[in-house]
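The following exercises are to be worked through with the sequence and the coordinates at hand. Each task is followed by a solution in steps.

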Amino acid sequence: MDSLSAKAWEKEYQDGGDRWNLGYPAPPFVNLLNSANAPQTGKLAILGCGKGHDALLFADAGFEVVGFDFAPSAIIEATATATAREISAQFLQRDIFTLEREFTDRFDYVLEHTCFCAIDPSLRSQYVETVKSILRPGGKLIALFYTHQRPDAPPFGVKPQEVLDYFSADFEPILFQRAKDSIARRQGNEHLAIFQLKS
């Protein structure tokens with residue numbers, strides 16, 4: 001699949017191929033928000049927000065949320081769910097690699113879940129630059145990285161050390177650990193991270 005094509009992502013949704021969609025928020029995020037280490041509320045961007053389950057979790061917790069996705073149907077469904085549940089969140093159809101044109105230094109947080117692993121690995125450095133550009137000084141990336149080692153792709157695998165290597169020049173790791181509360185089929189293959197943009 002062409003990860004740079006909105007049409008390709010839309011086709012995945014239309015064909016029921018959105019296997020990354022859990023149908024509910026990722027348990028590591030739920031537990032993070034319920035923990036003593038829960039981040040303070042602020043303005044949060046979600047890259048590749050899909051149908052908005054993680055976005056609505058953070059919006060319900062008091063964050064000012066803007067979700068971005070390539071696929072129009074994902075944005076439509078996320079918006080409809082937010083409206084039905086009376087949760088304030090905004091969802092916009094965008095190519096994430098163009099966000100700096102509109103949203104430079106706009107967010108306190110960026111949330112990552114199954115976007116980094118969906119894009120072609122050749123775009124990972126560009127992904128880091130996107131996160132860096134839309135965060136305010138001292139902003140944080142909250143991420144659940146899919147660190148699987150299977151040969152089939154997408155989703156594209158990544159080793160934990162590779163994740164650290166991609167972000168180390170611009171971000172300080174506050175938290176980086178294997179998730180203990182992943183869904184069954186991803187057990188042992190996810191890392192929960194909080195990276196802070198260096199000043």
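A disulfide is a pair of cysteine sulfur atoms within 2.5 Å. The model is predicted: local features need pLDDT of at least 70 and side-chain atom pairs count only at pLDDT 80 or more, while totals for chains, interfaces and linings use all residues. Residues are numbered from 1 along each chain as its sequence is written, and side-chain values use heavy atoms, with hydrogens and water left out.

**Exercise 1. Cysteines**

Determine how many disulfides the structure holds, and examine Cys115 and Cys117.

Step 1. The count of disulfides is zero. Cys115 takes part in none, and its nearest cysteine sulfur, that of Cys117, lies 8.1 Å away.

Step 2. Seen from Cys117, the closest cysteine sulfur is that of Cys115, and the 8.1 Å between them is too far for a bond.

Step 3. Buried means under 20% relative accessible area, exposed over 50%, and partly exposed in between (1.4 Å probe, protein chains only). Cys115 is buried at 8%, and Cys117 is buried at 5%.

**Exercise 2. Strands, helices and crossovers**

Establish how S1, S2 and S3 pair, and state the handedness of the crossovers.

Step 1. Helices (H or I, at least four residues) and strands (E, at least two) are DSSP runs, numbered from the N terminus. Two strands pair if DSSP finds at least two bridges between them.

Step 2. S1 (residues 43-47) pairs with S2 in the parallel sense over five bridges; Ile46 stands opposite Gly67 of S2. From S1 the chain crosses through H3 to S2 in a right-handed β-α-β crossover. Right-handed here means that, with the strands pointing away from the viewer, the path from the first strand over the helix to the second runs clockwise.

Step 3. S2 also pairs with S3 (residues 90-93), in the parallel sense over four bridges, and Asp69 has Gln93 of S3 as its bridge partner. Together with H4 (residues 72-84), S2 and S3 make a right-handed β-α-β unit.

Step 4. Five of the six residues of S2 (residues 64-69) are buried, so this strand is largely enclosed by the rest of the structure. For H3 (residues 53-60), six of the eight residues are buried, so the helix is likewise largely enclosed by the rest of the structure. The buried residues of H3 are Asp54, Ala55, Leu56, Leu57, Phe58 and Ala59. Just after H3, Gly62 adopts a positive phi of about 105°.

**Exercise 3. A buried charged residue**

Which contacts does the side chain of Glu112 make?

Step 1. Glu112 lies in S4 (residues 107-113). A salt bridge is a side-chain nitrogen of Lys or Arg within 4 Å of a carboxyl oxygen of Asp or Glu. Lys and Arg count as positive and Asp and Glu as negative; His and the chain ends are not counted.

Step 2. Glu112 is buried yet has no salt bridge, and the nearest side chain of opposite charge, Arg124, is 9.0 Å away.

Step 3. A polar contact is a pair of N or O atoms within 3.5 Å; within protein, one must be able to donate a hydrogen and the other to accept it, and residues adjacent in sequence count only if both atoms are side-chain atoms. One such contact, of 2.5 Å, joins the side chains of Glu112 and Tyr127. The side chain of Glu112 also reaches the backbone nitrogen of Phe116 at 3.0 Å.
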